[in-house]
Amino acid sequence: MAQDAANVARKLIRDHLVSGEMTPGAEIGIRIDHTLTQDATGTMVMLELEAMGVDRVQTELSAQYVDHNLIQEDYRNPDDHVFLQSACQRFGVWYSRPGNGISHAVHQERFGAPGRTMLGSDSHTPAAGSLGMLAIGSGGLEVALAMAGEPFHMKMPEIWGVELTGTLPDWVSAKDVVLEMLRRHGVKGGVGRVIEYHGPGLDSLSAMDRHVIANMGAELGATTTVFPSDATTRRYLHAQGREDAWHELTADTGCEYELHDHIDLSELVPLIAKPSSPGNVVPVSEVAGEPLYQAYIGSSANPGYRDFAVPAKMVEGRTVDAKVSFDVNPSSRAMLETLTRDGWLGPLLHSGARLHQAGCNGCIGMGQAPATGRNSLRTTPRNFPGRSGTPEDAVFLCSPETATASALRGEITDPRTLDFACPSAGEPEDPVVNDTMLQAPLPLEIARQVELVKGPNIASLPDCEGLPDALELPVLLKVGDNVSTDEIMRAGAEVLPFRSNIPEISNFVYDRIDPDYPRRARETGNHAIVGGENYGQGSSREHAALAPRYLGLRVVLAKHFARIHWQNLVNFGVLPLTFANPDDADAVGQGSTIVLEDLHRALAAGPEVTATVDGKPVQLMHGLSERQLALLQAGGLINWLRNRT
């Protein structure tokens, strides 16, 4: 290895390191330049800033987007929009108004900058890695701390180098690249790792193609995904009128990676993730011919110009099948304007497409739910059970080409079997730039005069007491592998309006798995939950930790935790423990009793903790740092910060 040669990810971490050693697995602290919040999580962030007594954010740039909860069927969502707007004015945050677009797409257009770090209260924040940023999803409380000027702490990840060679064949696009990664490695393949793409194959991928791949690195469980900042990045920023934000950031010749993989782009075929996991990937040809109800293009996972223009060319002069709902979800208002200017909206509408406002929409169950028992093909990043808004859904994840081909045929279709040539569409050199729906922070003296506007649905954060030294807890619920935060605390039009009201939203905890859990938890008080592998995968929403904690959850025992949810549990005073022997989980069931004694000393002594389960000893493990143990004993991150100051 060349002396001091470094890859892109290590350069980004090194340049922002404030504590710790860059040894995989060791806790490090990094300085955060940008933060991103969206309305499903941002209301809590703003309430947390208020609770911490923050006067003004200390980051280089913080931005709040309203993109999730756009349906205004009653006062709750619009009240929260007003609250968020007032909070942005008070704390010095950019505000993106409802209808301006998906946070990740708009941030890339207007604020993304190579070499910066970003922390976002959305698990798809890593999409910004497409521009050479170190962008990490986390719980809202950690984002609030970063906004207050505190470093972000995490375990130093391994850097996983994925070399790309060749070029994509006809009918194969960037979505198929990340689906290939999921086919190979599953939803846990990236845990504890940063995925860094390199190699000559990058030259054929646009900045928005890279956005697609970086966005769905979250589905692999990766800490984040990183691309270099190169000539492609420069072209994109030039087109957005922001070339001054560009600088080159590439891996040094001779640098090394802890892990390696290689993808020959020319060998890829159209792929699809079957229900109900992003990791359940097969070639489209294996499921071709299955009936179809819905084809959905757009979302944060396919937000680029070509992701709409190519489907428009495919349907031009044609009509989608009468059985299919063909849903078009523009990623940003500027993208919608560009498509309109260039004449691609007309063919989509004329073919039978249903046009929706720029936002997350059906991706998180906020409209466009599929019919019961019918297949839905989506270019969204996730297909967890019930996430679409339909409890018994059948959602497949695929590329825009596959979704559109299937809409035309009325059944799942390998686009390579169509009777016309594959169209192409590059990124425009002159996209529409529209900043009119972005409101800049107010000057400090004016900001200090702003009052937070709280509607009747906005409640103060509940207090969380510290971790006791001894616990005797009933196991109130046992769940299996790969339980997602969507299943712990679902999204959708019914639930998300209560995102700023923890007592109300707690009524929906685990209601799709065990509708009686919220009632039993309220009656029982302190209790434990037992999970399997990859517990808490998916969304970063901290409601999946805070609402169960409000109901009395004190300990979660699992075979393995997803990174963000594990940290969210700690942040709100819930102790996450893993089984030293995963087989021991089989002997713990709903109704078991867990006893933990002399807990503070045991946790401080090392990673092993002995519990008694139904009178028998069971060895458990924790991966908590000294700082995290202090958080737990204080009752969570907010209490710890209050005590510190």
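Buried means under 20% relative accessible area, exposed means over 50%, and partly exposed is the range in between. The legends below apply these classes to close-up views of a predicted model.

**View 1. Two asparagines with positive phi.** Asn 482 has a relative accessibility of 31% and therefore counts as partly exposed. The residue is found in the loop between strand E21 (471–478) and helix H14 (485–488). Its phi is near 55°, a positive value in a residue other than glycine. For Asn 534, phi is likewise near 55°. Asn 534 lies in the loop between strand E22 (527–530) and helix H17 (543–550). With 2% relative accessibility, Asn 534 counts as buried.

**View 2. The surroundings of Tyr 510 in the largest nonpolar core.** This core has 109 residues, and those with the most contacts inside it are Tyr 510, Tyr 517 and Tyr 535. Beyond its neighbours within four places in sequence, Tyr 510 is in contact with residues including Leu 477, Val 479, Val 483, Ile 488 and Ile 529. Glu 487 and Pro 515 are also among its contacts, as are Tyr 517 and Tyr 535. Tyr 510 counts as buried at 1% relative accessibility, and Tyr 517 counts as buried at 0%. Another core, of 34 residues, lies apart from the 109-residue one; among its members are Trp 171, Phe 308, Val 315 and Phe 420. In soluble globular proteins, nonpolar side chains tend to be buried together.

**View 3. Aromatic pairs.** Six aromatic pairs are found in a search of the whole structure. In one of them, the ring centres of Tyr 197 and Phe 227 are 5.0 Å apart and the ring planes are at 15°, so the pair is stacked. Tyr 197 belongs to strand E10 (residues 193–198), and Phe 227 to the loop between strand E11 (224–226) and helix H8 (231–239). The pair links distant parts of the chain, 30 residues apart. Tyr 197 and Phe 227 are both buried. The rings of Tyr 510 and Tyr 517 have centres 5.8 Å apart and planes at 80°, so that pair is edge-to-face.

**View 4. Arginines over aromatic rings.** Arg 193 lies over the face of Trp 160, at 5.4 Å from the ring centre. Arg 318 lies over the face of Phe 420, where the distance from the ring centre is 3.7 Å.

**View 5. Helix H9 and its cover.** Nine of the ten residues of helix H9 (residues 306–315) are buried, and the helix is mostly covered. The buried residues include Arg 306, Asp 307, Phe 308 and Val 315. The cover over the buried residues includes helix H7, strand E15 (294–298) and strand E16 (325–329). Helix H10 (333–341), helix H11 (345–351) and helix H12 (400–409) are also included in that cover. Just after H9, Gly 317 takes a positive phi of about 80°.

**View 6. The crossing of helices H7 and H8.** The axes of H7 (residues 207–215) and H8 come within 9 Å and cross at roughly 110°. H7 and H8 are therefore roughly perpendicular to each other. Ala 207, Met 208 and Arg 210 of H7 make the contact with Thr 232, Thr 233 and Tyr 236 of H8.

**View 7. Helix H21 and its packing partners.** The buried residues of H21 (residues 637–644) are Leu 637, Ile 638, Asn 639, Trp 640 and Leu 641. They pack against helix H2 (39–52), helix H5 (140–147), helix H18 (563–571) and helix H20 (626–634). H5 and H21 pack at an angle of about 30°, with their axes 10 Å apart. That angle makes H5 roughly parallel to H21. Here Leu 141, Glu 142 and Leu 145 of H5 meet Leu 637, Ile 638 and Leu 641 of H21. In H20, Gln 628 is buried, with a relative accessible area of 3%. Beyond its neighbours within four places in sequence, Gln 628 is in contact with Glu 27, Trp 566, Gln 567, Val 570 and Gly 623.

**View 8. The loop position of Asp 67.** Asp 67 is placed in the loop between strand E4 (61–65) and helix H3 (76–91). At 0% relative accessibility, Asp 67 counts as buried. Beyond its neighbours within four places in sequence, its contacts include Gln 38, Asp 39, Ser 103, Cys 360 and Asn 361.

**View 9. A cis peptide bond.** The bond from Pro 275 to Ser 276 is cis, with omega near -5°. Ser 276 is in the loop between strand E13 (271–273) and strand E14 (281–283).

Methods: Residues are numbered from 1 along each chain as its sequence is written. This is a predicted model: local features need pLDDT of at least 70, side-chain atom pairs count only at pLDDT 80 or more; totals for chains, interfaces and linings use all residues. Side-chain values use heavy atoms; hydrogens and water are left out. Buried means under 20% relative accessible area, exposed over 50%, partly exposed in between (1.4 Å probe, protein chains only). Helices (H or I, at least four residues) and strands (E, at least two) are DSSP runs, numbered from the N terminus. Contact means heavy atoms within 4.5 Å. Rings of Phe, Tyr and Trp (its six-membered ring) pair if their centres lie within 6.5 Å; planes under 30 degrees apart count as stacked, over 60 as edge-to-face and the rest as tilted. A charge sits over a ring if NZ of Lys or CZ of Arg is within 6 Å of the ring centre and within 35 degrees of the ring normal. A nonpolar core is a set of buried Ala, Val, Leu, Ile, Met, Phe, Trp, Tyr and Cys residues joined through side-chain atoms within 4.5 Å. Axes are lines fitted to C-alpha atoms, for helices over the stretch in contact, and angles run from 0 to 180 degrees between N-to-C directions. Angles under 35 degrees count as roughly parallel, over 145 as roughly antiparallel, 65 to 115 as roughly perpendicular and the rest as oblique.
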